[in-house]
Structure formats: structure tokens, C-alpha cells
Amino acid sequence: QDGQEAAIGQPKTGLALYAHIPFCRSLCPFCCFNRYLFKEDQARKYFLSLRRELDLYIEKGFSFSGVYFGGGTPTVMMDELTGFIDYIRLKFPIKDVSMETTPLDLTPQNIPLLQQAGVKRLSVGIQSFNKDTLKSMGRPHVEPEELKKRLKLAQGKFETLNIDLVFNFPGQTIADFKNDIQIFKDLGLDQVTFYPLMPSPHKKDDLERKFNRVDMSREKSFYDVVLKEVLDAGYKPSTAWCFSNGDRMIDEYIIDYDDYAGIGAGSVSIVQDYFYVNSFALDRYSELVDQHKMPVIGWRRLSEQERLRYYLLTKLFGMKLNTGLFKEHFGIDIESKLRLEIAFLKAAGIVEGDKELRVTRKGMYPVSVMMREFFTGLNTLRERCIEDKV
């Protein structure tokens, strides 16, 4: 507890705030995030607990400049969601609000509410336009033409409209994936984020029971399609996974912000060189914040090398690392601490440049793999916490 209070007790300004809304109308079987079937009374209690946890950060002197809502399905209860956004705006000078949602929630009723709440970036979890792939994923059934119609409703209503697409899912073919990308381009959408398959151990076992084998050897073939069909078509790589039509907001707060605080059941934070994990169990989460306690159930101080390598990974994922900003942040030259890593990345042709290290086209897939491994590790942690009901 002393370590937790020492770090969270030091106020910081200009952080990113991540708010986790863990409720879904149906549970996709291969999702690794902390989520629960939606129940209205449970959700209303949860949003109250979110405010109380945020108040704990306020009391400690923290300030946030951007907020990202993930899930679960953040838009599952619009009155509570918009009320909570209003509450955040009352407390902090929020510049950016980014929101995840599902195609089912892209309605003529919800879109104006999200606009009024000041959502600048809306990210829609499409995953695929292919009916067979969606069925394999256990996603709620929505006809491809209906998906397109709903996206057109939202197009032009936000600074950035993003869709998420998955690649290398068992049974998904290269032709299916190319068709998904073509639909994205035909719709003229602002942005697309491609997510590789990155299951936790038990989710991988489930996949292999259903599909015989999770074939990671196919991953590069899918990523090569991304480079050919999206990068070569003129879309700007905002990250190794995210491609934008011009300058757009991205959802990767871990790139834009060195520190971030996660609120809600099952969220994680990095503040002042500490890594924190919130309680995953709804009852325990609410119980702790009701007692005026941080709902943190695990934490660890990162070693200097871990912090430096995490910074290196996140900036490379964002396609560039400014060595001057690195020195400003850590008080040291990058070459003095990460000389071997930088030498390897340059020798392998993954990065180029000196004052600014830029990821090359050749380096984009290796960076994608490194980030996938990082998130797979996080998914493994989530799985353990969910199973242990902590």
C-alpha cells in the first residue's frame, strides 16, 4: 500500500484519462477485456462509482486533458455516459474525447448525443464486413449492407470516424480481408485501425478447439496486404496499425501521453513510473471506491530499463521518436541508455534518422509484432485477474 500511495499520491497534470465501461449486450467469446452482460441497475451503480473514483484523483490534485472511453460498450447506456462526460468537463479542461462504440449503437438518436457531448473521435468495432468471419467471432449478426448504412449515418459528424478491422482470425482468408479494406475505401471513411489476433492463453485454447489451429505464420501475409492496399493508397500511418485519410486523432493515448490513469473495473494505469491494476470484480471495485479508497489491487514500480523500453516501444508504434523529447523527459541522451537497442533497430533497417528516429516501411511489421506481444501480455494479465475474480 505504501508504494501505491507514494506514486498515486503525487499529482500530475495533462495526463490522459482512460475510462472503462465493462458492459455489453452480448459477450463476444474471444474478447480479452473485462466485460459483463449489461444490466441497467448494475450499470447505473457503476457510473456512480466511476465518478467517485475520479473524485479521488481530483482530491489528489490530478488533472486530465484528454479522455478515452473503452469497453465493453461505452455507449450501452447513453444517459449515464453523457452525464459522466459532462461531469468530467466540469472538473477538467478536456481537449479531446475519444469513444468506442458498436455498429448497433450508431443510431439517429445516439449520434447527435455524442456530438453534443463533444466526442471528437468515434471508433466503431466492425471487425469484419464478412458474414462468415463475424459468425466465427461470435459477433452479433448485422448484415454488411446494414453496417455500411450505419457508418454513413456517422460519417462527417465527428472530426475522426474510425473503424476497427481484425486480421489473421482463424478461417479468415486474404481475399476476405482485401474485401474488408475495399469496403472501407469505398465508404471514404476517415480512418481504419487493424488489430492482429492476440489472444490470451485460454482464449487461444478456445480458438484452437474451434478452429484446430491459430496460425501466426499467416500474420505477415495479412500485414503485407495492409501496406499494399492502404499505405500505398496514400493513407497516413498514424501508428503501425492505424491509417488515416489526412491528419486525424488516434485512440492510442499511450503514444500521445507519457502517463495515463485508468478508471473503472479492470483498467490499468502508468503514473510516475508505477504500473497499476484496478480491481476487475464489479462488487469489489464499487466497495473500494465507496470506502474512499483507490480500487487498485496490484502495482509495481517499473525499473529504469523497463520504463525506457516501454517509452521506446510506444513511440516506435507511433512511427517516430524524437530524441530531444526523450532527453527532456528522462534527462539523458537515448544513446547513453538504449545504445544497443538503437544500434540493432538501425542495423535491421527498422528505423532511420538521428534526431528523429522514424520507422521505415520495412520496420512497420516488426514494430507491429512487438506491440502485439506487449498487448498479448496485457491480455494474459487480464485473463488471470478475471479468473481470480480480484
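**Packing, pockets and backbone features of the predicted model**

Leaving out residues up to four places away in sequence, Q127 makes contact with L134, M137, R139, D164, L165, V166 and D180. The structure described here is a predicted model, and Q127 belongs to its strand β6, which covers residues 121-127. With a relative accessible area of 14%, Q127 falls below the 20% cut-off and is therefore buried. One of the partners of Q127 is D180, a residue of helix α7, which runs over residues 174-187. D180 is buried as well, its relative accessible area being 0%. When neighbours within four places in sequence are set aside, the contacts of D180 are Q127, S128, F129, N130, L165 and Q172; L165 thus appears among the contacts of Q127 and among those of D180. A longer separation is found between D180 and E341, which stand 161 residues apart along the chain and whose C-alpha atoms are separated by 36 Å.

A further charged residue, E229, is placed in helix α9 (residues 219-231). The relative accessible area of E229 is 17%, and because values under 20% count as buried, E229 is assigned to the buried class. Apart from neighbours within four places in sequence, E229 is in contact with K178, I181 and K185.

The nonpolar side chains may be considered next. In soluble globular proteins, nonpolar side chains tend to be buried together. In this model the largest nonpolar core has 120 residues, of which F64, F69, F84, I163, F194 and F243 touch the most other members. Helix α15 (residues 361-388) makes the greatest contribution to this core, namely eight residues. A second core, separate from the largest, consists of seven residues, including F30, F169, L207 and V214. The surroundings of F64 can be described through its contacts, which, without residues up to four places away in sequence, are L15, A16, L17, L54, Y57, F92, P93, I94 and A261.

Two helices were compared with the span expected at 1.5 Å a residue. For α15, which has 28 residues, the expected span is 40 Å, and the helix agrees with this value because its end C-alpha atoms are 42 Å apart. Following α15 comes K389, which has a positive phi near 55°. Helix α3 (residues 78-91) contains 14 residues and extends 20 Å from its first C-alpha to its last, close to the expected 20 Å. Within α3, the residues M78, E80, L81, T82, F84, I85, Y87 and I88 are buried, and the buried residues of this helix pack against β1 (15-21), α2 (40-59), β4 (64-71), β5 (96-101), α4 (110-116) and β11 (260-263).

Empty space in the model was also examined. Rolling a probe the size of a water molecule over the atoms shows where empty space is left. The second largest pocket encloses about 540 Å³ of space. This pocket is lined by 21 residues, and those closest to its centre are I255, D256, K315, G318 and K320. At least two lining residues come from each of β9 (236-237), α10 (253-256), α12 (304-317), β15 (320-322) and α13 (323-330). Sorted by class, the lining of the second largest pocket comprises eight nonpolar, four polar and nine charged residues.

A search of the whole structure finds one cavity of 30 Å³ or more, and the volume of the largest cavity is about 30 Å³. The residues I254, Y257, D258, R307, Y310, Y311, T314 and K315 line the largest cavity; among them, K315 is also one of the residues closest to the centre of the second largest pocket. Helix α12 gives the most to the cavity lining, with five residues. The lining of the largest cavity is made up, by class, of four nonpolar, one polar and three charged residues.

Finally, several backbone features deserve a note. Most residues other than glycine have a negative phi, and most peptide bonds are trans. In this model, a cis peptide bond with an omega of about 15° joins G71 and G72, and G72 is situated in the loop between β4 and α3. Q272, although not a glycine, has a positive phi of about 50°; this residue lies in the loop between β12 (268-271) and β13 (274-278), and Q272 counts as partly exposed because its relative accessibility is 25%. H292 is likewise not a glycine and has a positive phi of about 65°, and its place is in the loop between α11 (282-290) and β14 (296-301).

Key. Residues are numbered from 1 along each chain as its sequence is written. This is a predicted model: local features need pLDDT of at least 70, side-chain atom pairs count only at pLDDT 80 or more; totals for chains, interfaces and linings use all residues. Side-chain values use heavy atoms; hydrogens and water are left out. On a 1 Å grid over the protein atoms alone, a cavity is a set of points where a 1.4 Å probe fits but cannot get out, and a pocket is an open set with protein on both sides within 12 Å along at least five of seven lines; lining residues have an atom within 4 Å of a point. Grid points are joined across faces, edges and corners, and a volume is the space filled by probe spheres set on the points. Helices (H or I, at least four residues) and strands (E, at least two) are DSSP runs, numbered from the N terminus. Buried means under 20% relative accessible area, exposed over 50%, partly exposed in between (1.4 Å probe, protein chains only). Contact means heavy atoms within 4.5 Å. A nonpolar core is a set of buried Ala, Val, Leu, Ile, Met, Phe, Trp, Tyr and Cys residues joined through side-chain atoms within 4.5 Å. The expected span of a helix is 1.5 Å times one less than its number of residues.
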